[in-house]
Structures are given as structure tokens and as C-alpha cells.
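User: I have a structure here and would like the reasoning behind the labels put on it. Please set each value against its cut-off and then conclude.

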Amino acid sequence: GNQTWMAENLNIQTVESWCYDNDPANCAKYGRLYTWEAAMSACPAGWRLSTRADWDVLAETVGGQKQENGWGPEEHSWDYAGKALKSTSGWDWNDRDDTDGNGTDKYGFSALPGGGWFRNDFMNINRDGAWWTAEAYARGMECVGDFLAEASFFPKDAGMSVRCIKN
């Protein structure tokens, strides 16, 4: 469509942001994990934190089919959008050979499963990817499934990835 997204997760150090397992190599690969408040001001000049509507346009543009269900009530998901947006490698459930959760990366979005930070614990690297929106919703993908889901139940102090979109 007419959107210009960053081609990788944001990796700008701010207060209330972390590298997964506090390992700089994870920041280099997956970007940083941000609280919602940190995410609101983390994007560089000329860019902004993506909105729920931005993600919906992206999902529809890549061929997603909207479903009126997400990870919680009053949310929705997009079947097939995750497959088109996920990177072609790295989506592995505990590195099991029988689970191929990789995508096609058809549009160069290269979504990676950077995991998250929740209740003072890092979790789900290589399995899940979640990104904050400006409205404090998360958009996420999992190793199992080809969907892009939406959730509002995460506390604002949880750490998630950020994708900025051009103003």
C-alpha cells in the first residue's frame, strides 16, 4: 500500500527498554523490548509508533482475512497475514524440527519472534513476536499459526517490540 514501515524492530536505547535476557546480541537481532510509555516516544524524527489502523491496513494489504476474534474480547485477528509478514527463519518452538512457524516474508517486513518481558521475566523468544500500538494494544504473531492477532490485556509495563511507520 502507501505505508512505509521500518524493515526491522526498533533498537534505540531508552529508559524502560531492554535487550532480551539483557544480551546485546539479542538487541542486534530482534531490537529492544519497550514498555508502552517508552514506545510512545522511541521512534526517531519523521517516524511514529504504529496504530491499530496502521496494522489493519498492513494486514489487509498483504492478503489477510479479518476475523472478529483476537487474543481477547473486542479484538480481531487477520488470518494468513502473519505468514506473509514473518521472516523465513527463526520461528521455532523450542528449536523442534517438526515445527516450521516461518513465514514467506513476501513484503520484506521480516517479523522476528523477539519474545517479550512480562512480570520481570523474559519469555518466548523464537516463539512469539509482539509489537505495541499507539493505543496500548499489542499486535502479535506466534510460531504456530499464520495469523496476526490483537490483544489489549497486556499491562503497559510489559516489554514488547516496536515497529515505527513513516509520518
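User: What makes E8 largely enclosed by the rest of the structure?

Analyst: This is a predicted model. In E8, 5 of the 5 residues are buried, so the strand is largely enclosed by the rest of the structure. Buried here requires under 20% relative accessible area. Asp128, Ala130 and Trp132 point one way from the strand, Gly129 and Trp131 point the other way, and all are buried. The general pattern behind this is that side chains in a regular strand alternate between the two faces of the sheet.

User: How do you know that E8 and E9 pair, and which way do they run?

Analyst: Pairing needs at least two bridges between the strands. E8 and strand E9 (residues 138-142) are joined by 5 bridges and run antiparallel, so they count as paired under that rule. Glycine 129, for example, has methionine 141 in E9 as its bridge partner. The hairpin of E8 and E9 has 5 residues between the strands, and there alanine 136 takes a positive phi near 70 degrees.

User: Why is E8 called an edge strand of the sheet?

Analyst: The open sheet has 5 strands in the order E4-E5-E10-E9-E8, with antiparallel pairing. Strand E4 (65-67) and E8 stand at the edges with a single partner strand each, so one side of each is left without a neighbour in the sheet. From one strand to the next the twist averages 25 degrees. Further in, E9 is joined to strand E10 (residues 148-151) by 3 bridges, again antiparallel. One of the bridge pairs there is alanine 138 with alanine 151 in E10.

User: Which residues of the largest nonpolar core touch the most other members, and what supplies the core?

Analyst: That core has 17 residues, and Leu10, Tyr34, Ala39, Trp132, Met160, Val162 and Cys164 touch the most other members. Helix H2 (36-40) and strand E8 (128-132) each supply at least two of its residues, and H2 gives the most, with 3. A second, separate core of 16 residues includes Trp5, Ala84, Trp131 and Met141.

User: How do you know that cysteine 19 and cysteine 27 form a disulfide, and why is it called left-handed?

Analyst: Their sulfur atoms are 2.0 Å apart, and the cut-off is within 2.5 Å, so the pair qualifies. The torsion about the S-S bond is about -110 degrees, so the disulfide is left-handed. Set against the limit of under 20%, cysteine 19 is buried at 11% and cysteine 27 at 4%.

User: What does the link between cysteine 43 and cysteine 164 tie together?

Analyst: The S to S distance of this disulfide is 2.1 Å, and the link is left-handed, with -90 degrees about the S-S bond. Cysteine 43 lies in the loop between H2 and strand E3 (47-49) and cysteine 164 in strand E11 (residues 164-166), so the pair ties together parts 121 residues apart in sequence. Both cysteine 43 and cysteine 164 are buried. The count comes to 2 disulfides, and with the bonded cysteines numbered in sequence order the pairing is 1-2, 3-4.

User: Is cysteine 143 buried or exposed?

Analyst: Cysteine 143 has a relative accessible area of 3% and is buried.

User: Why is the pair of tryptophan 55 and phenylalanine 109 called edge-to-face?

Analyst: The centres are 5.8 Å apart and the planes stand at 75 degrees. Rings pair within 6.5 Å, and planes over 60 degrees apart count as edge-to-face, so the label follows. Tryptophan 55 is in helix H3 and phenylalanine 109 in the loop between helix H4 (81-85) and strand E6 (116-118), 54 residues apart. Both tryptophan 55 and phenylalanine 109 are buried.

User: What makes the pair of tryptophan 55 and tryptophan 131 tilted?

Analyst: The centre distance is again 5.8 Å, but the planes are 40 degrees apart. Stacked needs under 30 degrees and edge-to-face over 60, so a value between them is tilted. Tryptophan 55 lies in helix H3 and tryptophan 131 in strand E8, so the pair ties together parts 76 residues apart in sequence. Ring pairs link Trp5, Trp55, Phe109 and Trp131 into a cluster.

User: How far from the ring centre of phenylalanine 109 is arginine 163?

Analyst: Arginine 163 lies over the face of phenylalanine 109, at 4.0 Å from the ring centre. The charged end of lysine 86 sits over the ring of tryptophan 91, 4.9 Å from its centre. The distance limit for such a placement is within 6 Å.

Note on methods
Residues are numbered from 1 along each chain as its sequence is written. This is a predicted model: local features need pLDDT of at least 70, side-chain atom pairs count only at pLDDT 80 or more; totals for chains, interfaces and linings use all residues. Side-chain values use heavy atoms; hydrogens and water are left out. A nonpolar core is a set of buried Ala, Val, Leu, Ile, Met, Phe, Trp, Tyr and Cys residues joined through side-chain atoms within 4.5 Å. Buried means under 20% relative accessible area, exposed over 50%, partly exposed in between (1.4 Å probe, protein chains only). Helices (H or I, at least four residues) and strands (E, at least two) are DSSP runs, numbered from the N terminus. Axes are lines fitted to C-alpha atoms, for helices over the stretch in contact, and angles run from 0 to 180 degrees between N-to-C directions. Rings of Phe, Tyr and Trp (its six-membered ring) pair if their centres lie within 6.5 Å; planes under 30 degrees apart count as stacked, over 60 as edge-to-face and the rest as tilted. A charge sits over a ring if NZ of Lys or CZ of Arg is within 6 Å of the ring centre and within 35 degrees of the ring normal.
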